[in-house]
Amino acid sequence: MNIFLLIGVILWLYALSVLKRAELPAIYFIVGSVGFFFILFFISRPYFIWVMVRAISMTLALIANLFHLAEVYSDYGLVIISNGFNNITMTIDYECSGVIETAAFWGLLTFYPMYQAKEKVFLGLAGLLWISLANILRLTLIIIIVHIFGTDYFFLAHSIIGRIVFYILVVFFYYRVFTYDYLTKNEGKA
């Protein structure tokens, strides 16, 4: 473990204990969520990213092979999309794996005061599945657009259309977990 990460974790835990004793729940939530996100992100770099890239790549390989859309090398996280005579290679790395979004969700969920521990575990796993499926849909959409319209449409498919679809699905899930459930549980209290 990196010494800077260890020092950061110790300082984060100390800040959380001070905020808890000072009874500042909003600041406690923010510091806890952001700190836990960074801890998850830095700890997950070698292993969780590899698992997510591999899982996303293997699922994409099934879809791409079934419909003859692209060649996917799941061991390397490579997707080769062809359109007639043109090929483009897309690399699935930590940005395309959903690790950042999953770590952010887990950070928020861990310090969200509304749920019990069992509910948080269930929602954490559901969030991992939802974000992964949204990411697979995004990458499949990119492959389909490039396969049909050509490599000139890669930027549009990847940077605009794919991200819009992905973030709409992720924001919907965040809304469902953090806003809708809160409103429905507190409906009778108002």
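The legends below accompany close-up views of a predicted model.

**View 1. The largest pocket and the helices that line it.**
The largest pocket holds about 190 Å³ of space. Its lining is made up of Asp93, Glu95, Cys96, Gly98, Ile100, Glu101, Asn135, Arg138, His158, Arg163, Phe166 and Tyr167, and the elements that contribute two or more of these residues are α4 (94-97), α5 (99-111), α6 (117-149) and α7 (154-185). The largest share, four residues, is supplied by α7. Sorted by chemical character, the lining of this pocket consists of five charged, four nonpolar and three polar residues.

**View 2. The second largest pocket.**
About 150 Å³ of space lies in the second largest pocket, whose lining residues are Lys20, Pro25, Ala26, Tyr28, Phe29, Thr110, Phe111, Tyr112, Pro113 and Lys120. Two or more of these residues come from each of α2 (25-44) and α5, and α2 gives the most, with four. In the lining of the second largest pocket, seven residues are nonpolar, two are charged and one is polar.

**View 3. Helix α6 and the glycine that follows.**
Helix α6 has 33 residues, and the distance from its first C-alpha to its last is 47 Å, which is close to the 48 Å expected at 1.5 Å a residue. The residue after α6 is Gly150, which has a positive phi near 110 degrees. Besides giving residues to the lining of the largest pocket, α6 supplies at least two residues of the largest nonpolar core, which is the topic of View 6.

**View 4. Strand β1 and its hairpin with β2.**
The side chains of β1 (residues 70-73) alternate along the strand, with Ala70 and Val72 pointing to one face, where they are buried, and Glu71 and Tyr73 pointing to the other, where they are not. In a regular strand, such alternation between the two faces of the sheet is the general pattern. Strands β1 and β2 (residues 78-83) run antiparallel and are joined by four bridges. Tyr73 stands opposite Leu78 of β2, while Ala70 stands opposite Ile81 of that strand. Four residues lie between the two strands of this hairpin, in which Gly77 adopts a positive phi near 70 degrees.

**View 5. Strand β2 and its pairing with β3.**
The covered face of β2 carries Val79, Ile81 and Asn83, whereas Leu78, Ile80 and Ser82 belong to the uncovered one. Strand β2 pairs with β3 in the antiparallel sense over six bridges, and within this pairing the bridge partner of Ile80 is Thr89 in β3. The hairpin of β2 and β3 has two residues between the strands, and here Gly84 takes a positive phi near 65 degrees.

**View 6. The largest nonpolar core.**
The largest nonpolar core comprises 26 residues, of which Leu60, Val79, Ile81, Met90, Ile92 and Ile143 touch the most other members. Helices and strands both take part, since at least two residues of this core are supplied by each of α3, β1, β2, β3 (86-91), α6 and α7; the largest share, eight residues, comes from α3. Two of the residues named here, Val79 and Ile81, also belong to the covered face of β2. In soluble globular proteins, nonpolar side chains tend to be buried together.

**View 7. Ala61 in helix α3.**
Ala61 is placed in helix α3 (residues 48-67). Its relative accessibility is 13%, and Ala61 therefore counts as buried, the cut-off being under 20%. Between Ala61 and Leu6 there are 38 Å in space, C-alpha to C-alpha, and a separation of 55 residues in sequence.

**View 8. Two loop residues with positive phi.**
Glu23 lies in the loop between α1 (3-21) and α2, where its phi is near 55 degrees, a positive value in a residue other than glycine. Because its relative accessible area is 66%, and the exposed class begins over 50%, Glu23 counts as exposed. His68 lies in the loop between α3 and β1, and its phi, likewise positive in a residue other than glycine, is near 55 degrees. With 67% relative accessibility, His68 also counts as exposed.

Key. Residues numbered from 1 in each chain as written. Predicted model: local features only at pLDDT ≥ 70, side-chain atom pairs only at ≥ 80, totals over all residues. Heavy atoms only, no water. Buried < 20%, exposed > 50% of the residue type's maximum accessible area, 1.4 Å probe, protein only. 1 Å grid on protein atoms, 1.4 Å probe; cavity = no way out; pocket = protein on both sides within 12 Å on 5 of 7 lines; lining within 4 Å. Points joined across faces, edges and corners; volume = space filled by probe spheres on them. Nonpolar A, V, L, I, M, F, W, Y, C, P; charged D, E, K, R; others polar. Expected span 1.5 Å × (residues − 1). Pairing = 2+ DSSP bridges. Core = buried A, V, L, I, M, F, W, Y, C linked by side-chain atoms within 4.5 Å.
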